[in-house]
Amino acid sequence: MAIDKFFEQTTQQFVRDNILSDDFLDFMRENRLPFDTLMAYYRCAIMEIETKFRVLNEQFGLRYDRNPIESIKTRIKSMDSIIKKMRNKKIPMNMQAIEENIRDIAGVRVICSFEEDIYMLAECLLEQDHIVLIERKDYIKNPKPSGYRSLHLIVEVPIFLKNEKRYMKVEVQLRTIAMDFWASLEHKLRYKKNIPDDEAEILAKELIECADTSAELDRRMGEIRNRIAESELAHKENKSTIGTVLLKHRLNENDGK
């Protein structure tokens, strides 16, 4: 009970210090419309990035008869999360400072079937005109200590407004289905309350083992996909060779006549 009361008091103090502070209230009164406008720009940037990935997925479906993207998720950081980040990073309370210092307000998460598709899609995105890479973090080749795996890109994408072209930052996360399942489960467990320290330590180790199992699954599924592709290619080449031989045979027969 004492711990619960402590957390309740801490939460109330945070609200008083952050959400209900005079500085914050003044900031919101003066910047409500600019803040809403900035969030609208971020939503436009998300639409631009999402459309680019959907076009790539459609193109691969038409050309190669397969779709590398399983699903696309998007989100805008909540006001509470933005405020917490401003306080933690000591960011001044103005729109320019928010835009310059918080890079993950707009987020696009792309879920793929295979690990190879992650790097292929990232390369295709970054090769497009007007896409500017700001930062790249590869947590697939270099997983976090927790076991978290994903490819993170911070990019700038232009949005075209009535009288201007404006570059906005978007965080792009690319994962396999297995990586996304693990990350979702880990996120839920991490914020569970009332778990004893010794049990939390055991769960953390279990999650790392699950991350390793997930990585092995991705590797094996990729190998299976490649073997199937090689078999199909060999079959096509064999049919082509047989067709060429038959054609030559018929031509020789016609020449003999």
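This report describes the confidence, the nonpolar cores, one buried residue and the cavity of a single protein.

**Confidence**

The structure is a predicted model, and the protein averages a pLDDT of 84, with 78% of the residues scoring at least 70. Confidence is highest in β2, at 98, whereas helix α1, residues 2-19, has the lowest value, at a mean of 51. Where pLDDT is low, the predicted coordinates should not be read in detail.

**The nonpolar cores**

The largest nonpolar core has 43 residues, and those with the most contacts inside it are I49, F53, L121, V170, V172 and L174. Several helices and strands give two or more residues to this core, including α2 (22-64), β1 (69-76), α3 (79-88), β4 (151-160) and β5 (165-176). The element that gives the most to this core is α2, with 11 residues. Another core, of 6 residues, lies apart from it, and W182, A183, L207 and A211 are among its members.

**Two residues and their contacts**

Leaving aside neighbours within four places in sequence, V170 is in contact with ten residues that can be picked out in the structure, namely A45, I46, I49, R103, A106, V108, L153, I154, V155 and V157. I102, in turn, is found in the loop between α4 (95-101) and β2 (106-112). Is I102 buried or exposed? I102 counts as buried because its relative accessible area is 0%, and buried means under 20%. Not counting residues up to four places away in sequence, I102 touches Y42, I82, K85, M86, I91 and A97. One of these contacts, M86, is 16 residues from I102 along the chain, and the C-alpha atoms of the two are separated by 8.1 Å.

**The cavity**

Rolling a probe the size of a water molecule over the atoms shows where empty space is left. A search of the whole structure finds 1 cavity of 30 Å³ or more, and about 40 Å³ of space lies in the largest cavity. The elements that give two or more residues to the lining of the largest cavity are α6 (177-190) and α7 (197-256). The lining itself is made by G147, Y148, R149, M179, W182, A211 and S214. W182 and A211 in this lining are also among the residues of the core of 6 residues. The table shows how the lining residues divide by kind.

| Kind of lining residue | Number in the largest cavity |
|---|---|
| Nonpolar | 4 residues |
| Polar | 2 residues |
| Charged | 1 residue |

Definitions and conventions
Residues are numbered from 1 along each chain as its sequence is written. This is a predicted model: local features need pLDDT of at least 70, side-chain atom pairs count only at pLDDT 80 or more; totals for chains, interfaces and linings use all residues. Side-chain values use heavy atoms; hydrogens and water are left out. On a 1 Å grid over the protein atoms alone, a cavity is a set of points where a 1.4 Å probe fits but cannot get out, and a pocket is an open set with protein on both sides within 12 Å along at least five of seven lines; lining residues have an atom within 4 Å of a point. Grid points are joined across faces, edges and corners, and a volume is the space filled by probe spheres set on the points. Helices (H or I, at least four residues) and strands (E, at least two) are DSSP runs, numbered from the N terminus. Ala, Val, Leu, Ile, Met, Phe, Trp, Tyr, Cys and Pro count as nonpolar, Asp, Glu, Lys and Arg as charged, and the others, Gly among them, as polar. Buried means under 20% relative accessible area, exposed over 50%, partly exposed in between (1.4 Å probe, protein chains only). Contact means heavy atoms within 4.5 Å. pLDDT is the predictor's confidence in each residue, from 0 to 100. A nonpolar core is a set of buried Ala, Val, Leu, Ile, Met, Phe, Trp, Tyr and Cys residues joined through side-chain atoms within 4.5 Å.
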